[in-house]
Protein chains: 2
Amino acid sequence: MAKLNSILHQELRLSIISFLANVEWVDFKKLVEVTEASKGNLSVQITKLQKVGYLEVRKSFKGNYPLTECCITEEGKTALETYVSELKKLLNL
Amino acid sequence: MAKLNSILHQELRLSIISFLANVEWVDFKKLVEVTEASKGNLSVQITKLQKVGYLEVRKSFKGNYPLTECCITEEGKTALETYVSELKKLLNL
DNA sequence: ATATTTGGTTTATAATGTAAACTAGTTTAC
DNA sequence: GTAAACTAGTTTACATTATAAACCAAATAT
């Protein structure tokens with residue numbers, strides 16, 4: 001089989017990575033907005049993507065509130081490209 | 001979220017459907033060959049695809065041996081097309 | 001003061017995936 | 001003719017994954 005990257009072959013994680021592929025640092029709130037996912041799920045999936053090195057997460061404070069921001073890594077970009085190309089192969093696109 | 005069809009958003013099921021999309025009736029053996037999946041997994045996923053109406057399964061005998069053949073349904077074709085277009089949207093393709 | 005909101009994390013449960021074991025019979029080799 | 005190996009799958013038990021609900025600490029609004 002093609003063996004699609006199983007980390008990326010999940011809708012929310014794919015949404016996150018694929019959104020981050022085209023932008024700079026994005027905060028948690030923005031990701032909730034664009035993915036329309038629950039905060040819990042988003043938190044879990046961001047952590048998963050970070051653990052495998054597909055995105056960098058930095059935590060700070062904006063005013064008084066905690067602020068979590070994410071940015072795709074080079075490894076993440078490469079993995080996404082590979083995933084997309086494997087998927088295209090599988091779908092004959 | 002895009003809400004990808006969760007039945008199709010699985011590698012083996014996607015392989016099966018996407019292979020069947022371009023051919024006529026195909027037997028189990030051929031599917032083992034092209035998907036390189038285990039027979040157990042293939043059996044489970046074919047049944048799942050059949051249950052939701054994405055493919056038709058007919059069982060007969062070829063010589064003395066049981067023969068299981070699959071064919072994509074119109075519903076399956078439509079679902080695949082929708083899935084692919086949603087996926088493209090998600091990936092900005 | 002206390003209720004609500006912000007910005008998340010943790011956890012318990014449900015859903016899914018898969019390999020291994022099994023069924024039921026057939027063919028081959030001894 | 002019978003034991004071993006093969007065909008063509010199915011079932012089951014376990015492991016992984018996904019997700020919503022509950023929770024937390026601090027801030028702000030009433």
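**Entry 1: helix packing in chain B**

I started with H1(B) and H2(B), and their crossing is right-handed (the near helix is turned clockwise from the far one by less than a right angle; anticlockwise would be left-handed). The two helices pack at an angle of about 120 degrees, their axes 10 Å apart. Axes here are lines fitted to C-alpha atoms, for helices over the stretch in contact, and angles run from 0 to 180 degrees between N-to-C directions. From H1(B), I listed B:Leu12, B:Ser15, B:Ile16 and B:Phe19 in this contact, and from H2(B), B:Leu31, B:Val34 and B:Thr35. Contact means C-beta atoms, placed from the backbone, within 7 Å. I sorted these residues by class and got five nonpolar, two polar and no charged. For the classes, Ala, Val, Leu, Ile, Met, Phe, Trp, Tyr, Cys and Pro count as nonpolar, Asp, Glu, Lys and Arg as charged, and the others, Gly among them, as polar.

Note to self: this is a predicted model, where local features need pLDDT of at least 70, side-chain atom pairs count only at pLDDT 80 or more, and totals for chains, interfaces and linings use all residues. Residues are numbered from 1 along each chain as its sequence is written, while chains are lettered from A and ligands numbered from 1 in the order in which they are written.

**Entry 2: the sheets**

Next I looked at the strands of chain B, which form an open sheet of three in the order E1-E3-E2, with antiparallel pairing. Helices (H or I, at least four residues) and strands (E, at least two) are DSSP runs, numbered from the N terminus, and two strands pair if DSSP finds at least two bridges between them. E1 (26-27) and E2 (55-62) of chain B are the edge strands with a single partner each, so one side of each has no neighbour in the sheet. I found eight bridges between E2(B) and E3(B), and B:Lys62 sits opposite B:Tyr65 of E3(B).

In chain A, E2 (residues 55-62) also pairs with E3(A) over eight bridges, antiparallel. A:Ser60 has A:Leu67 as its bridge partner. The hairpin has two residues between the strands, and A:Gly63 takes a positive phi near 65 degrees there. E1 (residues 26-27) pairs with E3 (residues 65-72) of chain A over two antiparallel bridges, with A:Asp27 opposite A:Glu69.

**Entry 3: how the copies relate**

I superposed chain A on chain B: a rotation of 180 degrees with 0.0 Å of shift along its axis does it, RMSD 0.0 Å (least squares on C-alpha atoms of residues with pLDDT of at least 70 in both). The two copies are thus related as by a two-fold rotation axis. In chain A, A:His9 comes closest to that axis, at 3.9 Å (C-alpha).

The contact takes 14 residues from chain A and 14 from chain B. On the chain A side, H1 (11-20) and H4 (74-91) give two or more residues each, and H1(A) has the largest share with four. I counted seven nonpolar, five polar and two charged on that side.

**Entry 4: the DNA**

Which residues are closest to DNA strand D? They are A:Gly40, B:Phe28, B:Gly40, B:Ser43 and B:Thr68, out of 21 that surround the strand (near means a C-beta atom, placed from the backbone, within 6 Å). H3 (39-51) of chain A and H2 (28-35), H3 (39-51) and E3 (65-72) of chain B each supply at least two residues of this surface.

Around DNA strand C I found 20 residues, the closest being A:Phe28, A:Ser43, A:Thr68, B:Gln10 and B:Gly40. That surface divides into seven nonpolar, ten polar and three charged.

Definitions and conventions. Two residues are in contact if their C-beta atoms, placed from the backbone, lie within 7 Å.
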